[in-house]
Amino acid sequence: MAVGAILRTVKQAVWVGWKVETNWADPLVFAIYYLIRPVAGLLIVGFIFLIGSAVSGIVDPGLFAFLFIGNTFFIYAVQVMMLMSMLIHEDRAHYEVLKHIYLTPGSLQWYIVGRALNGVMNASVSLLLTLGLGVAVFQYGMGIPIPIDWLSIDFGVLSLGLLVGVVCFMAIGFILCGINIMTSKVQFMLPEYVSGILYLFGGVVFLPEILPLWGQYISNALPVTYFLRIVRFSFLHQAGFDMHTNLLYLTVTTILTAFAGLAFFRVAMFKARRDGLIDKKEEY
Amino acid sequence: MNREELIHNLKAVYARLWVRIKGGNREPEWLAAEVVIPVITLSAYVFLYKMVKAPPEYAGFVIIGGTMMAFWSNVLWNMSAQFYWEKETGNLEVYLVAPISRMAILLGMALGGFVNTALRATAVFVAGILIFQVPIALYEPLTALLIFFLTIGALYALGMMFASLFMLYGREAWHTANLLQEPIQFLSGTYYPTTSQVVPQTIQLLSSLIPLTFGLDGIRRVAILGQGIGDVWLNIVALVIFVLVLLPLARFALGFMENLGKKEGRLTLRWQ
């Protein structure tokens, strides 16, 4: 497929995704919707931390910054995987357009990439709003000192980490798409399972060292752990943090995930075509 | 309502209950997901409490919150949003032309949903208690059960009220149901006590508008902190008021929204 055709497909998919995701509400309601859930999620973990710390008598602002950044940037994992898991079900059973997309010369794969990029855009909006409101509530509203120097963020490291991390989440999303093309029963639970496991073992809101040893092994194998470490480093500049090794781990685990995701998706599409699943409409 | 109508409606309740129980338990993977996913989520919050060295009863607070959240999710997705799904699949019009009360259908859904969710919630509770070795100090189980059932009554009455709103919704239904998850978990103190001094008064005030807040607080105090009915009677009064207010409101809202839907021609409109 020519590069121009790929870019056109991706562009159209981003546009379709934007329309599907946003035109159910006016822009203000849409913005509130994309703000409220992540902010509420951040407030939940923030209050757990503050209440737990108040009871134990130990308040560590460094740990608060750890969970603040981890929970906020985890938005990318949740939104990209949620979107990609529901995509096949919605386009096949609800809007009944998957068969038409499959028939067009543009590749379904690039269409999915475009839709996922739309999810990344929406997640970025959520992220910025959540960061702003989180700082306003916790730092200025409740007086919790968040030890982040907002003027010294390392945007180079942050961009690199985000780029590789997003590719990784999209690769996991392809696995979810592949599973959903073969079954109509698990589209709601899959992203919950995957994001739940990543949330628990990925060092999102607590240090992975708190986990039992077997949990720490899982944590060390997950790309999201390295993604969040790199993102945190770009904000907190912790002394002794080996950025290059973590970036290498993130890149290697992302490449492996990407290969696995694309291979799984291709096999799933082959089976779907063979078994007549591409236009199979089921109501679950 | 005469005797014959009552029997008709009771049959409708039973029929909807049967479908809900049968449908909810026919897929083992759904059953597993509805137990495993909440346990994963609440585990993360328990570890967060462990990181800040909070006492073990806070893990108990999280587990009770996660257990009750199963009921809230059921109310949200299988009560409130149900009429939206029914509209999308073409069943809503069948309900509306049937010679039965809409409340009978909703009651059947609520009872069936309660049975299904109770199974899953019990599994989540037991798993959480066993995995994290949470100390239980339950001296008045009847008080705990009373608070639990009042909370369930208030939640399902709220779900019935929302169902009328969702009946007219298109894609907003999905987004609205999503929107009522984390914010309600935050406000109701699903994973922490809202009575803590750390929680600002404005948030405590907003929390008191949600029946789940009183239910969670009451159950935690009775089951984890070992308190009795003398300590939680205010929670019980608040929950009774919620039930008495929400049920008639749900009935009114259902009639109002159905009429509005008929006037605007939106009851059978799909893919909005």
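**A walk around chain A and its partner**

Start by colouring chain A by secondary structure: you'll get eleven helices and zero strands. Keep in mind that this is a predicted model. Follow the chain from the N terminus and the elements simply read α-α-α-α-α-α-α-α-α-α-α.

Now zoom out to take in the whole of chain A. Its C-alpha atoms fill a box of roughly 60 × 40 × 35 Å along the principal axes. A compact globule of 284 residues would have a radius of gyration near 19 Å, and chain A comes in at 20 Å, so the two agree. Of those 284 residues, 44% count as buried. Turn on contacts if your viewer does that: among pairs in chain A with a separation of 6 or more, 80% of the contacts join residues 24 or more positions apart.

Next, select residues 155-182 and 243-275 of chain A, which are helices α7 and α11. How do their axes meet? They come within 8 Å and cross at roughly 25°. Angles under 35 degrees count as roughly parallel, which is why α7(A) is described that way relative to α11(A). The crossing is left-handed. Show the side chains where α7(A) touches α11(A), and you'll find 23 nonpolar, five polar and one charged residue.

Last stop: bring in chain B. Here 37 residues of chain A are in contact with 36 residues of chain B. Select α2 (27-56) and α8 (189-201) of chain A, since each supplies at least two residues of the side that touches chain B. Which helix gives the largest share of that side? α2(A) does, with 18 residues. Colour this side of chain A by class and you'll see 28 nonpolar, five polar and four charged residues.

Methods
Residues are numbered from 1 along each chain as its sequence is written. Chains are lettered from A and ligands numbered from 1 in the order in which they are written. This is a predicted model: local features need pLDDT of at least 70, side-chain atom pairs count only at pLDDT 80 or more; totals for chains, interfaces and linings use all residues. Two residues are in contact if their C-beta atoms, placed from the backbone, lie within 7 Å. Helices (H or I, at least four residues) and strands (E, at least two) are DSSP runs, numbered from the N terminus. Ala, Val, Leu, Ile, Met, Phe, Trp, Tyr, Cys and Pro count as nonpolar, Asp, Glu, Lys and Arg as charged, and the others, Gly among them, as polar. Axes are lines fitted to C-alpha atoms, for helices over the stretch in contact, and angles run from 0 to 180 degrees between N-to-C directions. Angles under 35 degrees count as roughly parallel, over 145 as roughly antiparallel, 65 to 115 as roughly perpendicular and the rest as oblique. A crossing is left-handed if the near helix is turned anticlockwise from the far one by less than a right angle, and right-handed if clockwise. The radius of gyration is taken over C-alpha atoms; the globule rule is 2.2 Å times the number of residues to the power 0.38. A residue is buried if 20 or more other C-beta atoms lie within 10 Å of its own, exposed if 12 or fewer, and partly exposed in between; C-beta atoms are placed from the backbone.
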